[in-house]
Each structure stands twice: as C-alpha cells, then as structure tokens.
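Student: Hi! Could you walk me through this one?
Tutor: Sure, let's have a look together.

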Amino acid sequence: MSEATHSHDHGDHGHDHGHDHDHGAHGHDAAAHEKHYIKVWGLLMILLVVSIAGPILADDVLHLEGLVRFIVVLVTAFGIAIVKAQQVVKHFMHLTLEPKFVAYITGTAVAFMMLFFFFVAPDVMKHAGRNWENEAAEDAVRRGMEAGGEHGAPEGTTTEPPGHEQPFEARLEFTTTCGPCHGTAGGGDGPTGVTLTPRPASFTEAVFWEQRDRAHIVKVIREGGPSVGRSVLMASFAMQFNPEQIEALADVVMSFRPEPEPEEIAQPEEPPVPLEPVPIPEAPSEPVVEAAPPTEPLTPEGITEAETARRAAFIAERLLPASR
Amino acid sequence: MSAYTRPIATGRTVTGMSTAKLAVWWIIVSEVVIFGGVLASYIMHRIGHPEWQHSAAHTNMWIGAFNTFVLLSSSLSAVLAHAAAERGDGALAARRLVYTIGGAVMFLCVKAYEWTTEISAGFTITASGFWSFYYTAAGIHAAHVFAGAIIMGFIAVAAKRNQDLHRVEIIGIYWHFVDLVWIFLFPLLYIAK
C-alpha cells in the first residue's frame, strides 16, 4: 500500500482536500487509491469466505474433533478476524498515517481491555478453587448441560422455546429461595432466618403440622404470611412462581413433615410427592386457618445426627427423582 | 461559508492532525473500552459456561455472514467516498456515502428479521446467559450502525454541496470501526458453536 497511499496528508496541512490542487494534478493517483481500496475489499471477502469455510470443513467434511477441531476453528474464525481487523485499520482507517500518538491511545484502550480480561477471567472461567466454590455457576452449567442433552444433538434449525430447556427444580428452588430463612432442610434455621423475629416456620416439627395442611402451605407461598394472619416477613411469591411451581414447592415443604405416629393416622394422608396440581380451595379455607395461634413458639430442637441422616435419605428418595 | 460558522475543531491542527479527526479517534478509544468490555466478558463467560453451546447452536451463521458481507462492502463505499472527497468531488462522495447508508439500512433490516425470528422462537434476552450477551452486544452494535447512518446522511447532504469534505473521511473512520466490531462479533456469536 506504500505507493498507493503516499499522497495522503501526514497531518500538518489540514484536511481541506476539497481545495487541494496537487490531488487534482494526479488523477491517476486517485484512481490507484480506488483500485487499492477495492483490492483490500476483495481480500476481506476472501478472508470472510475462509472464516466461514474453515469451521464448516472441520465439522461437516473432515469431522474433526477435540483439540484439532478447536485449533482449526480458532485459527479460521478468530485468527482471520484479527487479520481482517488489521486490514481495515491499516487500509481503511489509515491508522498508520496518523500521528503516532493515535496508535498509542487506541493501543492503551486495548491494553485496558486485556487487563480487565486477565484480572477477571480466572474468577469467571473457573467455578471452584482452593477454598471457594461458585455453586450458582456450577448449577447453571449442570442444568444447562442437562437441558441441552435432552434436545439431542444441538442443531441450528430447531425452534423450541429455550425457556423449557431449564426445568423447574423445586428442591433446588427451595434451597435458593426458601432455604436462606427456612433452612435447606426445612428446620427454620437458615442463615438469615435465625436473625428474624418471629423466627421462620420449622417444617420438621410435628407441632407445626397440627393445624396446617397442604392447601395452607400453597396459600402462604402464594399470598404470603399476612394472608393467614402470620408474619409479613413471609413474602408472597405469586409473582415469582407460577401455580404449578408453587405446587411443586409445597411438595418440598410437605416432605419435611415428620412421619406421624402410627396411632395418629386418621386418614390416608400420604403427601402427593409427584407434581400433581391439587385443586386449591380458594377463599373459604381462610376461616379454618385463622385459628392458628398468632405467635407459636418455633423452638429449633437439637437434631441428632441419625435424625439428620434419616431426613437426608428421605429427601433424596422422595424428592430428587420427583423434581427432575 | 457565508452565514455558516465553522466549528473551531474544523480547522485546528495543533496536535498534528485536525482536531475533528482527533475527536473521532478519541471516540473510538472509548468505544474500544465499551465493546472490549462486553466482548471480553462474553469470552470469559463463554469459556466458563460450556452449556452456552446449546444456545449458540441456534444462531444463524448465514445471516451473520451476509451481514458481514454487507458491512465490509459498506466500508468499501465509505472509503471510496473518502477518496472522492479527497479530490474534491463532493457529489461523488455524497453518492458513495448514500451507498454506505444503504448498507446500514440493509444490515438493520436483516438484523430485524433475524431478531424477530429468534424472539418468536422464544430466544429472548432473558432466555439464557448466551442470549443476554447476544442481544446486548449485537444491540449496542446495531445502535452504532443506526447512529452512524444518520450522521452520514447529514454529511452526505453537505458533501453534495461541496461543504466540509473533510468530514467524509471522519465519518468513514467511525464507520470502519463499527465494521471492525462486527468482524469480531461475527465469529464470537455465529461461528463458535
């Protein structure tokens, strides 16, 4: 490009080219410029074709896999992008013809971008380290991979709504949304819960279930604590979860219910563990539950290790398969 | 320039280049940080989230490739407009800028079609992390295309009257930068599957 662009001003003369006479005298220079630009465009087009053909060849023709495929895609798609960028910067933007400091300030911006990348990337790209673990990211990867797998081979033509790729996992949702207060095992002893007054309900105590049933739980999740005359600290989740999801969460809560004593069993009351929507009695159920004492002492009892293990096994057996 | 007062930036060259051009380079410097930040975040998340490949598989590479072709070609007409402006041919420069604007319009139409298809298939900005980045990065890029086309329209009108032909080069520099961003967006969003 050296001879083709030599007539570009190198600065000092200002840029009122409209009045430049020397350009008028060198008509062939202008023509050479234009030919040069078209040549650069031609090269860019060839590079574009290569950057598309590379990954297609790797995947559909040569059926490359693993590292070889990765390198081919990296070089053809991203290596060539850098070459294209360099062509545009040099021949279209004429960065090399500007005063040197222009390259320095743009270079500085690029350097800051790199700095940002290398400082932050370790935290974002890795999900665990010596003494830390990004559980949310790990969960996201796991859920995403499972959902992706369900759809078989990723193909560019499906029109399935992606919202269905991530199934609602009631147990997980309970842990992240309810767990902070009610405890991941439902004992009312979550890290935030222990600071609240009144303390959040413990679902693992028999006394809690004496005056409550599944419909009550659904109502509280949907409408919040005040709807049954309890604490405002229990928010309404009607905006966050749809009715089906609330039913599923109620199943999780029901699962914490301690096994009733044999003599207490009056009616078959095995909680429906699978996600079956149960018709919810709407307004009329209210007077019944109003009877709940306003400030029931929710003392967290000391739980033995055997008891914890029993509950964990119960949850694993009843819920984890059901929430898939 | 009768009643029209030229901005000071037009003629000053104390830095060794016209101040107007320097200003555009400064804009590009700040754009490097904006797009660089988004793209760097995208790259690190993409590497950390292998499940994004399932979302990325749904982008249409041929649409992206066509838009790359459109933008590269619009850059050609922008730089040809600069060449015309350099030899004082304002009318030709204006015509070539109009071609570039045509490229911008074409790009945005294709983009609108593409997004409509994707959104109606359920791939909204909240569908997954990938789609959030996809719409954010391509969205701010499209906003730049839109803004550039409008500014170019003003410059083309002036260039047709042989006014301020130096601006043809300056809008060109901006336009090539917008092209440049797309050169990187294309493989990142459409090819890496």
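**Two helices in chain A**

Tutor: This is a predicted model. Let's start with helix α8 (residues 214-223) of chain A and helix α9 (residues 243-255) of chain A, whose axes come within 9 Å and cross at roughly 125°.

Student: What do we call α8(A) relative to α9(A) at that angle?
Tutor: Oblique, because angles over 145 degrees would be needed for roughly antiparallel, and 65 to 115 for roughly perpendicular. The crossing of α8(A) past α9(A) is right-handed.

Student: Which residues make the contact?
Tutor: On α8(A), they are Arg214(A), Ile217(A), Val218(A), Ile221(A) and Arg222(A). From α9(A) come Ile246(A), Glu247(A), Leu249(A), Ala250(A), Asp251(A), Val253(A) and Met254(A).

Student: And how many are nonpolar, polar or charged?
Tutor: The contact of α8(A) with α9(A) has 8 nonpolar and 4 charged residues, with no polar ones.

Student: Zooming out, how many helices and strands does chain A have?
Tutor: Chain A has 12 helices and 0 strands.

Student: What share of chain A is buried?
Tutor: Of its 324 residues, 37% count as buried. Also, among contacts in chain A with a separation of 6 or more, 57% are between residues 24 or more positions apart.

Student: New topic: how many disulfides are there?
Tutor: The count is 0 over all chains.

Student: Why does Cys181(A) have no bond to Cys178(A)?
Tutor: Cys178(A) has the closest cysteine sulfur, but it lies 9.0 Å from the sulfur of Cys181(A), too far for a bond because a disulfide needs the sulfurs within 2.5 Å.

Student: Is Cys181(A) buried or exposed?
Tutor: Partly exposed, at 24% relative accessibility. Cys109(B) is partly exposed too, with a relative accessible area of 49%.

How values were computed:
Residues numbered from 1 in each chain as written. Chains lettered and ligands numbered in written order. Predicted model: local features only at pLDDT ≥ 70, side-chain atom pairs only at ≥ 80, totals over all residues. Heavy atoms only, no water. Buried < 20%, exposed > 50% of the residue type's maximum accessible area, 1.4 Å probe, protein only. Axes fitted to C-alpha atoms, helices over the stretch in contact; angles between N-to-C directions. Helix = DSSP H or I, 4+ residues; strand = E, 2+ residues; numbered from the N terminus. Parallel < 35°, antiparallel > 145°, perpendicular 65-115°, else oblique. Left-handed = near helix turned anticlockwise from the far one by under 90°. Contact = heavy atoms within 4.5 Å. Nonpolar A, V, L, I, M, F, W, Y, C, P; charged D, E, K, R; others polar.
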